[in-house]
Amino acid sequence: MQAEKKGPFVCLSACVCFPEAHCSSLGSCFFAGEICAFKIHGQEAPFEAEVLNRTSGEGVLRARGPIDCEQQKEYTFIIQAYDCGAGPNGAGWKKSHKAVVHVQVDDVNEFSPVFREPVYRATVTEGKIYDSILQVEAWDQDCSPQYSQICNYEIVTQDTPFAIDRNGNIRNTERLSYDKQQHYKIMVTAYDCGQKRATESVPVHIDVKPVCKPGWQGWNKRVDYEPGTGSKQLFPKMHLETCDGPLSSVRAMVELQTSHIGKGCDRETYSEKSLQKLCGAASGSTDLLPAPSASTNWTASLLTDSGRDSDLIFRFDGRQAANIPERVVPQNLTDQFTIATWMKHGPSPGLRAEKETLLCNSDKTEMNRHHYSLYVHNCRLVFLLRRDFTQMDTFRPAEFHWKLEQICDKEWHYYVINVEFPAVTLFVDGVTYEPYLVTDDWPIHPSQIDVQLTVGACWQGGEVTTPRFTQYFRGSLSGLTIRPGKIETQKVISCLQACKEGLDINSLESLGKGIKFHFNPAQSVLVMEGDDLESINTAMAKVSYINSRQFPTPGLRRLRVTTTVQCFGEDTCISIPDIKAVVMVLPPSEPRITIAGVERVTWPATELRTPTGVTLFKDIRIISTVTKSDSAFSSGHRPGILEVMHNLDYCDVLVIGEELNPEHESLEIHHSSLLGKHLDATNSTSGISIYGVDSMAHYEQAIRQVRYRNWRPAGLSERKFRLSCSELNGRYTSNEFNLEIGVVHSSEAVEHVNHMAVQSQYMRPVHHPLVVHTVNSDHIAGTPPAATVVIVMCIATLVAIVVLGIYRIHTTHQEGTKGDEDGGKEPEMDWDDSTLTITVNPMENIDGPQSAGEIREEEQEEEDEDDDDEEELAGDQSSVESEDSEEEEQTEVLGKAKGKLEWDPSTLPY
C-alpha cells in the first residue's frame, strides 16, 4: 500500500484479504456476508479505515491529518474487518483474521540545498596545480534520495581560475601568481537531484602566498639613523619563516661591519694626548707620530690618510720611515714602560717575508745593535728588548713572540705592550695575550755609540757602507706612543680603544628566560640563541643601533644576519639565507664655533714689566651654534640658529709676527688655572697651546688666565696674537680671533700719577660681534649698546677734568703766598705759555680759533694712524666706532699733553 502527499490528507487504496476470501481483483474482496467496519490495531497510526461497500467489503484507508515524510517515511499496522451481525452494543460481531498493512510515504521536493559552513577559506602556494584546494558541502532536508541528495555544485563567479566537481572539490585551473593576485573570492551554489538550487550561495576565500622560502621576512634594507637620537631598532617587524618545519633551536648572529669607518669603528677622533687625558691615563707619554708642524716636522715626509674624518693616520708602503729627534726620544727606559699604537696590517708578500719594523731603537753609527724594537714577521708580533750590561749581566728574556690572526687580517686593532721586566703583556683591543714564545739573550755591552729611534723601519748605521733604513713596514699606524716609568691599566686601555657605536638591545629584561645572548667586546657582533621561534622573533625586534658621539661620522654601516636552524635529531634541517642591510648615519648639524671679545687693548709698558704681566683675553667668549630647521625650535630661539654645548680639544694662542724672545718676553698660564679641568698646556716661542677634552666654559676660564710678560719693553710698540680653537682634532675649527696689544711709554715725570685714575686711557674697547648664519640671512652683525658709547665719552671727559684739576692745584702750590699783584689777573695766566701745549676738555666749546686748529691738526694725525684699524670694521658699527676712535685720539692727545708737563721752573714768575 502506498500513500501520496496531497494537501492535508493522503488517499489510500487498500485491499484487505482474509484467508478464506478470494481476491478477484485489487481493491475488492467478496464475502459470504456483509462487512460493516474496519479496525486498526497496534501503534497509533495516523490513519482510519472506512467501508465503501458492505456487500463487497470494499473500503478506503485515509490519513487523519497531514503526513510528513521527513518525520516518518513508512508505517506498519494491523487491520481487521467486522461483519454486521453485532447487537446494539456491538456484541456478537464476527471479525476476520488480522492483516498487516505497510504504508510508504512518497516525498515532495520542498527543501532547497543548504551549505554546512557560512564561509570557506583556504590558502594556496603560488605556482602549483592542486587536485583539490578545499571541499564545500551542502545538504537537503528532503527525505527521499531523489530530493535529499546533492547532485551538482557550480561556481557562480565568472572568469576565475578555479573549477568544482560534483563532490564539491575546488581546484585551480592554472598556476597562480602571488605578484599578480594575492586573494580570490568566489561564490559557489549547489543543486539537489531534483535540480532545486540552493537559496543562498556560499563565499569561498582563497589566499595566494608566495612559494615558501625559509628566511627572515618583514625587514628593511636601509635604516636611517639621526645623530643624537639614542638607540634605534633595526628590525622592528621582522620574523622568521620556517615553512612549518619542526625545529628544536635557532641561532642568529647580527654583525655590524664598521671597518671602513675611522680606525675600525666610530671612535672619538681627538688627538692621542687629549684621549689619554680624557681616559685618565698617566701623564708623560711621548707621541711618536704627531701631526706635522714646525716643532714636529719629522712626520712631514710620511704619507697620511686624509679621508678618515680628522683621524691622524699614517700609511707606510715599504718606502717611508721617520727618524725621531733626540730631544723627543724618551731616555732611560726603566723596568716599567708602555708602548701603544693603532695598527692595520695585512699578510706580507712573498714566501719568505722580511721583518716589518714599527719601532726600532738601534745604533746610529759603527755597529748594528737593536736595543729595543717592535716588528711584525710572518703574521707574528715580536717585541725585542736588550738590556744594557749596566742593568744586568745575566742571560735574560729578550724576545717576546705573539701569533695572532688580528695581525694580518687587514683590520684596525689597538695594541698595547706593558713591560714590567721580565714580564711583558700584550693587549689587543683590550684583550690580554701572553707570549707563546720567549727567547733569552745576553745584555748589550756598554758603549759610547749614539742610538737612533725610528718609526716605520730600522736604522742600520753600521756594517754597511752607507747608513740606511731597512726592514720597512707595510701598513697603517696611528697614535704610536711610548710612556716610560709606568704601565697602562686595563681600564684605561679599554677606554682608549672603545667604540662609540655598536649594537644594543632595548629592554633586556623583556627578552625572556629562553633567550641566550652575548656581545663581543666592541659590541659589533651579537649572538642570540633560543628554542622557541616566537621568542627569537621578539628578541630580534629589540636589536638596535646606537652611536653615542655628538658628531658621529656620517655614512653607511653594513649589517649582516646569519641564522642556523636545528631540527629534532638533525644537525641542520632548514637553510636560512643571510640578511644584508645597511645603517645610514645621517650627517650631523655641523657646529659653528665663534670666538668674540675685545680686539685691541692698550697697556702701559710698566704693566708689562710686572711679575704677573697683563691678561690678553680678559673678556673672551666662546660659543657654538648649529643651523636647524624652524620646526626644531620652540619660541624664544632665533629662527634657524640654536646654541649648543659641546667639548673642545685644543685652543692655540699664536704670536703674529716675530716669535717671542725668551730673554725678555713670554706667554704664561699658571698651573692652578688648569686644576680641576681635563686640560694641560704647552708653550714655546711661537705661542701657547691648551689641550684636552673639556667644555667650552672651562676653556674660556683657562684662556682668560693667559698672560703676556715683557720685562724690557722699551722698543716695543705693539704685539699681535691669534686665538683659534678646535673640536674633534680639527674637524670643526673656530674663527681666527686676532688681538692687538698697544704699548704706551710714559715719561718718568708723570709716573707718579695714580694708575687707578688713568688706567682707562690704555684700554680701547672694540667689540668683536658674534657672526651667526641663519637660514634666511647670510650675515647678522651685532653692535655695542648705546650705553657703552655714553660711558666711554663720560670717562674721557672725567679724565680730562681730573688731569686739568691736578695741574691747577700744582700751579697754585708753586705760587705760594704771592699776592694778587696784577689786580684780578687769574693765576694760570701768569707764565709764558710759548713752550707749553695745553689739552682742554673736548666737551667744552673753544672760542680761540688758533687753539682749536692746533687740536684738530693733532686729531687728524691720530686719525690717519688708526685708518687701518677702522677699515676692518664694517656694517652698523661704523658710526659708533668712529666716535670711539675720536675719543681714543683725544685721550692720546691728553696723554701727550701730560708728557709735556715737564717744564723749566726758571721761566715761571713766582
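Which residue forms a salt bridge with Asp-224? In this model, which is predicted, the partner is Arg-222, and the closest N and O atoms of the pair are 2.7 Å apart. Neither side of this pair is buried: Asp-224 is partly exposed, with a relative accessible area of 31%, and Arg-222 is partly exposed as well, at 45%.

Good morning, colleagues. I shall begin with the salt bridges, and then turn to a helix, a strand and the nonpolar cores.

As a general point, side chains of opposite charge can pair when their charged atoms come close. In this structure the count comes to 19 salt bridges. I should like to draw your attention to Arg-557, which takes part in two that I shall describe.

The first of these joins Arg-557 to Asp-266, with the closest N and O atoms 3.2 Å apart. Arg-557 lies in strand E45, residues 555-566, whereas Asp-266 lies in the loop between strand E23 and helix H2, so the pair ties together parts that are 291 residues apart in sequence. Arg-557 is buried, with a relative accessible area of 0%, and Asp-266 is buried too, at 1%.

The second joins Arg-557 to Glu-501, and here the closest N and O atoms are 2.8 Å apart. This pair also links distant parts of the chain, since Glu-501 belongs to strand E41, residues 501-505, and Arg-557 to strand E45, 56 residues away. Glu-501 is buried, with a relative accessible area of 4%. Both bridges can be placed in a wider setting: Asp-266, Glu-268, Glu-501, Arg-549 and Arg-557 are linked in a network of salt bridges.

Let us move to helix H3, which spans residues 490-497. Which of its residues are buried? They are Val-492, Ile-493, Leu-496 and Gln-497. These four cover an arc of only 120° around the axis, and therefore lie on the same side of H3. The reasoning rests on helix geometry: an α-helix has 3.6 residues a turn, so residues three or four places apart point the same way. Among the elements that cover the buried residues of H3 are helix H2, at 272-278, and three strands: E28 at 336-344, E33 at 412-420 and E34 at 423-428.

Next, strand E18, residues 202-209. Six of its eight residues are buried, and the strand is thus mostly covered. Strand E11, residues 120-125, runs parallel to E18 and is joined to it by six bridges; within this pairing, Ala-122 stands opposite Ile-206. Strand E17, residues 183-192, runs antiparallel to E18, again with six bridges, and there Lys-185 stands opposite His-205.

Finally, the nonpolar cores. The largest has 55 residues, of which Leu-616, Phe-617, Leu-667, Ile-703, Tyr-708 and Leu-723 touch the most other members. What does Ile-703 contact, leaving aside its neighbours within four places in sequence? Its contacts are Phe-617, Ile-620, Ile-622, Cys-651, Ile-690, Leu-723 and Cys-725. Apart from this core lies another, of 40 residues, including Ala-322, Phe-383, Trp-402 and Val-455.

To close, I would return to the charged pairs. Asp-224 and Arg-222 form a salt bridge in which Asp-224 is partly exposed and Arg-222 is partly exposed. By contrast, in the pair of Arg-557 and Asp-266, Arg-557 is buried and Asp-266 is buried. Thank you for your attention.

Terms used:
Residues numbered from 1 in each chain as written. Predicted model: local features only at pLDDT ≥ 70, side-chain atom pairs only at ≥ 80, totals over all residues. Heavy atoms only, no water. Buried < 20%, exposed > 50% of the residue type's maximum accessible area, 1.4 Å probe, protein only. Helix = DSSP H or I, 4+ residues; strand = E, 2+ residues; numbered from the N terminus. Arc of directions from axis to C-beta. Contact = heavy atoms within 4.5 Å. Core = buried A, V, L, I, M, F, W, Y, C linked by side-chain atoms within 4.5 Å. Pairing = 2+ DSSP bridges. Salt bridge = Lys/Arg side-chain N within 4 Å of Asp/Glu carboxyl O.
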